[in-house]
Amino acid sequence: MTKSELIDAIASKLDRFSRKDVDAFVDNIIEGLCQAAIDNERVEIRGFGVFTLHHHAVRSGRNPKTGELIQLPANALLHFKPGKELRVRVNDSMPFTQIIKESS
C-alpha cells in the first residue's frame, strides 16, 4: 500500500473530512514518527507495533571484491516489532499451507 492509497482508504471511511484534510493528517502522523525516531524515542502504537532505534557500534568488515579489511561506521537502524494483535491478524489471514507453497 502506498501513501496515496492509504490516504484514499482513510478518506473513503471518513466522509466528513476531505482528501486534502486526510492527507494533512497522514503527513502529520508520519512527521511525528520521524521526529520521534530522530529524538531516539520509542513509538508504541497499541495493537499495531513498536518502532525503536537499534544502535550499532563501529565494527570491522571486509570489502567483498578485494577482501580488504575496512571499518564500518556506527549507525542507527529503525526497527519495527509488530504487536500481538497485528501478528495474529496477519497469521490468521493466510493459511499455513499457502505460506509453505509460496516459500518453495
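**Strand β5, a ring cluster and an extended chain**

N75 sits in strand β5. In this predicted model, the residue comes out as partly exposed, with a relative accessibility of 32%. Leaving aside residues up to four places away in sequence, N75 touches H54, H55, H56 and R59. G47 is another story: N75 and G47 are 28 residues apart along the chain, and their C-alpha atoms are separated by 29 Å.

Strand β5 covers residues 75-82 and also carries F80, which brings the aromatic residues into the picture. A search of the whole structure turns up 3 aromatic pairs. One of them joins F48 and F80, a tilted pair with 5.2 Å from centre to centre and 45° between the planes. This pair ties together distant parts of the chain, since F48 lies in the loop between β1 and β2 (49-56) while F80 belongs to strand β5, 32 residues apart. Neither ring's residue is buried: F48 has a relative accessibility of 37% and counts as partly exposed, and F80, at 30%, is partly exposed as well.

F80 has a second ring partner in F51. Here the ring centres lie 4.8 Å apart and the planes meet at 45°, so this pair is tilted too. Again the link runs between distant parts of the chain, from F51 in strand β2 to F80 in strand β5, with their positions 29 residues apart in the sequence numbering. Put together, the ring pairs join F48, F51 and F80 into a cluster. E5, by contrast, stands well away from F80 in sequence, 75 residues apart, with 21 Å between the two C-alpha atoms. The place of E5 is helix α1 (residues 3-13), where its relative accessibility of 43% makes it partly exposed.

Stepping back to the whole fold, the protein chain has 4 helices and 5 strands. Read from the N terminus, the order is α-α-β-β-β-β-β-α-α, so to speak a run of strands with helices on either side in the sequence. Helix α2 spans residues 19-38 and strand β1 spans 43-45, with N40 in the loop between them. The backbone at N40 is worth a look: its phi is near 60°, a positive value in a residue other than glycine. As a rule, most residues other than glycine have a negative phi. N40 is also partly exposed, at a relative accessible area of 45%.

Just before that loop comes Q35, which is part of helix α2. Q35 has 34% relative accessibility and counts as partly exposed. Its C-alpha atom and that of N91 are separated by 31 Å, the two residues being 56 apart along the chain. Towards the other end of the chain, E85 is placed in helix α3 (residues 84-93). At 47% relative accessible area, E85 is partly exposed. Measured out from C-alpha to C-alpha, E85 and R19 are 28 Å apart in space, and in sequence they are 66 residues apart.

The overall dimensions fit with such spans. For 104 residues, a compact globule would have a radius of gyration near 13 Å, but the protein chain has 20 Å. Along the principal axes, the C-alpha atoms fill a box of roughly 60 × 40 × 25 Å. Burial is put at 12% of the 104 residues. As for how the chain meets itself, 28% of the contacts between residues at least 6 apart in sequence join residues at least 24 apart.

The surface rounds off the description. The protein chain exposes about 8700 Å², and carbon and sulfur atoms supply 58% of that area. Its charged side chains number 15 positive and 14 negative, and the centres of the two sets lie 7 Å apart.

Terms used
Residues are numbered from 1 along each chain as its sequence is written. This is a predicted model: local features need pLDDT of at least 70, side-chain atom pairs count only at pLDDT 80 or more; totals for chains, interfaces and linings use all residues. Side-chain values use heavy atoms; hydrogens and water are left out. Helices (H or I, at least four residues) and strands (E, at least two) are DSSP runs, numbered from the N terminus. Buried means under 20% relative accessible area, exposed over 50%, partly exposed in between (1.4 Å probe, protein chains only). The radius of gyration is taken over C-alpha atoms; the globule rule is 2.2 Å times the number of residues to the power 0.38. Contact means heavy atoms within 4.5 Å. Accessible areas come from the Shrake-Rupley method with a 1.4 Å probe; for residues, only the protein chains shown count as cover. Lys and Arg count as positive and Asp and Glu as negative; His and the chain ends are not counted. The place of a charge is taken as NZ of Lys, CZ of Arg, CG of Asp or CD of Glu. Rings of Phe, Tyr and Trp (its six-membered ring) pair if their centres lie within 6.5 Å; planes under 30 degrees apart count as stacked, over 60 as edge-to-face and the rest as tilted.
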